[in-house]
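Let's take a walk through this model, starting with one helix and moving on to the empty spaces. Keep the structure open and follow along.

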Amino acid sequence: MISVLVTGATTSIGERLVRSLLADTRVRHVLAVDKQPTHRALPFSNNRLTYTSVDLTKSRRVHELLFGPARDLGVEVVVHLAQSRSAYAVGRGVHARNVEALRSILDLSDRHPTIRRVVVHSFAVVYRVGLDLPVRVSEDHPLDLAPHVPQYVRDRVEADLSACTRMGLADCEIVVLRCAEALGPGTGSQLFDFLDAPVAFRPLGFDPMVNVATIADIVRAMELATHGSGEGVFNIPGFDTLPLSECARLWGTPMFPAPGPFIRRAYNLRHWLGGGEFSYGLNRKRMHFGLVLDGTRARQELGYVPAHPVDWPVGGPIAG
Amino acid sequence: MPVPPHIARVISSWLGGPGASVRADRLAFADAGHGFDQFGLHPDFVAMGSSLVAPLYDRYFRVVSHGAEHIPKSGPAVLAANHSGSIPVDGAMLWTDVYRQTDPPRIPRPVADYFVSTLPVISTLFARCGVVGGSRGNARALLEAGELLMIFPEGVPGIGKHFSQRYRLQEWRQGHCELAIRHGAPVVPVGIVGAEEQMPQIARVPLPFSPIPYLPITATPLPLPVRYHIWYGEPIRLDRDYRPEDADDPEKVRAAAARVKAAVQALLDRGKKERKGIFK
């Protein structure tokens with residue numbers, strides 16, 4: 001029996017993870033944390049659940065959380081999901097939420113009396129995409145450390161590397177899960193926002209392969225990592241691998257090929273009119289060259305196999 | 001992609017008859033769940049590609065295949081061929097020939113130069129037909145999945161060589177042998193005779209600001225209707241002669257590559273000797 005602390009608990013993935021952990025008889029207590037005030041937090045309650053509103057961008061608050069309620073509840077595993085979901089959000093505050101919060105958790109967990117494991121939610125967006133790079137991406141694939149990448153990507157790479165560089169050096173085990181995009185509202189998925197628009201544009205003449213996951217599969221991977229042993233970096237692919245155009249067709253979104261400069265301006269305009277979070281600048285290379293996560297390591301070491309196909313609004317998988 | 005899979009199927013049936021789709025349906029490939037493999041291959045596009053190339057293969061270049069029984073029926077393998085002709089028609093002919101000569105059909109996975117991935121429409125169409133970008137990771141993943149790789153170890157210098165250099169193999173890269181040794185795959189040498197004369201190149205203009213490395217200046221505006229002879233040699237069993245760890249030994253890899261190059265050159269010499277003329 002373990003107690004688990006979940007940061008970012010009010011996000012789509014966090015909320016689903018908390019529900020799953022509460023349904024798990026191996027979990028004694030769940031300490032759910034997010035910045036939302038208590039009355040606007042989780043839509044369910046349980047005597048094995050405690051919700052605490054904490055601003056993770058303040059290291060003092062993180063300290064008080066870990067050496068307060070977390071220690072009192074005997075939390076052994078921290079699942080860190082808290083990340084800014086906006087592709088356009090920039091600044092020190094965003095960096096503090098995306099990177100510094102994780103650094104604080106890792107620092108404090110190392111000398112914490114009860115925490116023995118930290119599971120970090122990372123993203124496929126940390127991988128570099130390019131014409132000279134493989135389509136199927138394993139964990140040793142180059143990360144996107146280009147100087148011009150938006151803060152959204154840079155912060156995710158920095159957070160990922162912050163966790164990776166501590167592996168083997170810290171007393172607590174660190175697991176980094178680089179997850180495929182989960183097609184669901186509130187997940188921060190750029191692809192979801194792209195497909196959820198009334199129309200979508202893709203670069204003229206290009207139709208890359210994409211791999212998409214469901215919240216259920218991401219949550220399953222986190223549960224396996226929570227209960228597992230050992231540490232490492234794991235790709236968490238989704239069930240569905242298909243071309244972008246097929247993705248749009250199954251989602252029911254009309255998609256039109258267009259020149260890159262037009263697409264960039266169209267999506268920037270959409271954002272500034274309050275219409276969406278998709279950024280073409282962020283996804284330009286992904287919309288030219290494919291990227292499919294290789295989940296061999298997660299299958300072998302965590303026992304994770306994607307099992308939940310996307311519930312496509314228009315049609316299901318053609319084969320397989 | 002210019003067209004969705006069902007349109008590709010209609011086009012292939014229209015051009016190649018119902019048999020084109022029936023053959024493609026028998027293709028063994030790793031379906032990633034929506035009818036495509038992870039690299040974008042789709043059998044309906046293979047059928048369409050094959051049907052589009054068929055008039056060139058059957059009537060224009062009148063391809064004659066020799067020794068196709070040497071193509072392994074299953075398991076990982078590497079086809080290593082000479083590259084020539086100013087434009088990569090030889091790749092399309094070899095791709096079609098392997099697809100036609102194997103039963104059950106196998107689709108070779110051509111490993112293309114990086115710049116191919118940057119070409120709109122073409123890159124997508126090629127990917128649907130099985131072409132992959134020339135990264136080591138892609139080749140490794142395909143061999144691990146038991147696929148048949150199609151590699152031109154001369155690369156762009158082969159296709160861009162001057163007419164005076166015809167049938168003289170250019171610098172022979174070694175990556176295909178390293179991969180074959182590491183993954184226990186046999187290498188099938190392939191000599192393509194005819195392509196070297198199809199479009200004599202007399203000069204080339206570098207294109208420094210384009211993904212395409214140069215513009216070939218050729219003696220003819222279109223390829224000549226030369227006859228292609230595709231010669232497959234006996235598989236070179238690098239998987240038997242070397243241990244996987246030998247892939248890290250530069251000397252052994254170099255020796256293996258030299259062996260493959262010599263086998264391809266021998267096929268070219270034989271093919272040239274046995275043909276009745278450039279157009280026959």
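## Helix α6 of chain B

In this predicted model, the buried residues of α6(B) pack against β6 (136-137) of chain A, and within chain B against β2, β3 (109-112), β4 (132-133), β5 (148-151) and α8 (175-182). Packing here rests on contacts, meaning heavy atoms within 4.5 Å. Helices (H or I, at least four residues) and strands (E, at least two) are DSSP runs, numbered from the N terminus.

Which residues of the helix are buried? In α6, residues 136-144 of chain B, they are B:G137, B:N138, B:A139, B:A141, B:L142 and B:L143. Buried means under 20% relative accessible area, exposed over 50%, and partly exposed in between, with a 1.4 Å probe and protein chains only. Just after α6(B) comes B:G146, with a positive phi near 80°.

## Ground rules and confidence

Residues are numbered from 1 along each chain as its sequence is written, chains are lettered from A and ligands numbered from 1 in the order in which they are written. As this is a predicted model, local features need pLDDT of at least 70 and side-chain atom pairs count only at pLDDT 80 or more, while totals for chains, interfaces and linings use all residues; side-chain values use heavy atoms, with hydrogens and water left out.

Chain B has a mean pLDDT (the predictor's confidence in each residue, from 0 to 100) of 93, and 99% of its residues reach 70 or more. Among its elements, strand β7 (residues 201-206) has the lowest mean, 86, and strand β9 (residues 229-232) the highest, 98.

## A histidine in a loop

B:H83 sits in the loop between β2 (77-81) and α4 (89-101) of chain B. Its relative accessibility is 9%, so B:H83 counts as buried. The side chain of B:H83 makes a polar contact of 2.8 Å with that of B:D90. Such a contact is a pair of N or O atoms within 3.5 Å; within protein, one must be able to donate a hydrogen and the other to accept it, and residues adjacent in sequence count only if both atoms are side-chain atoms. Beyond four places in sequence, B:H83 also touches residues including B:F152, B:I159 and B:E196.

## A leucine and a shared pocket

Over in chain A, A:L293 lies in strand β14 (residues 292-293) and counts as buried because its relative accessibility is 3%. Its C-alpha is 7.1 Å from that of A:I236, 57 residues apart along the chain.

A:L293 turns up again at the second largest pocket, about 600 Å³ of space. Of the 29 lining residues, the closest to the centre are A:R136, A:T241, A:L293, B:A32 and B:Q38. The largest share of this lining, 3 residues, comes from α6(B). By class, the lining divides into 13 nonpolar, 8 polar and 8 charged residues. Ala, Val, Leu, Ile, Met, Phe, Trp, Tyr, Cys and Pro count as nonpolar, Asp, Glu, Lys and Arg as charged, and the others, Gly among them, as polar.

On a 1 Å grid over the protein atoms alone, a pocket is an open set of points with protein on both sides within 12 Å along at least five of seven lines, a cavity is a set where a 1.4 Å probe fits but cannot get out, and lining residues have an atom within 4 Å of a point. Grid points are joined across faces, edges and corners, and a volume is the space filled by probe spheres set on the points.

## Closed cavities

How many cavities of 30 Å³ or more does the whole structure hold? The search finds 5. The second largest has about 370 Å³ of space. Its 24 lining residues include A:V135, A:G290, B:S117, B:S123 and B:A127 as the closest to its centre.
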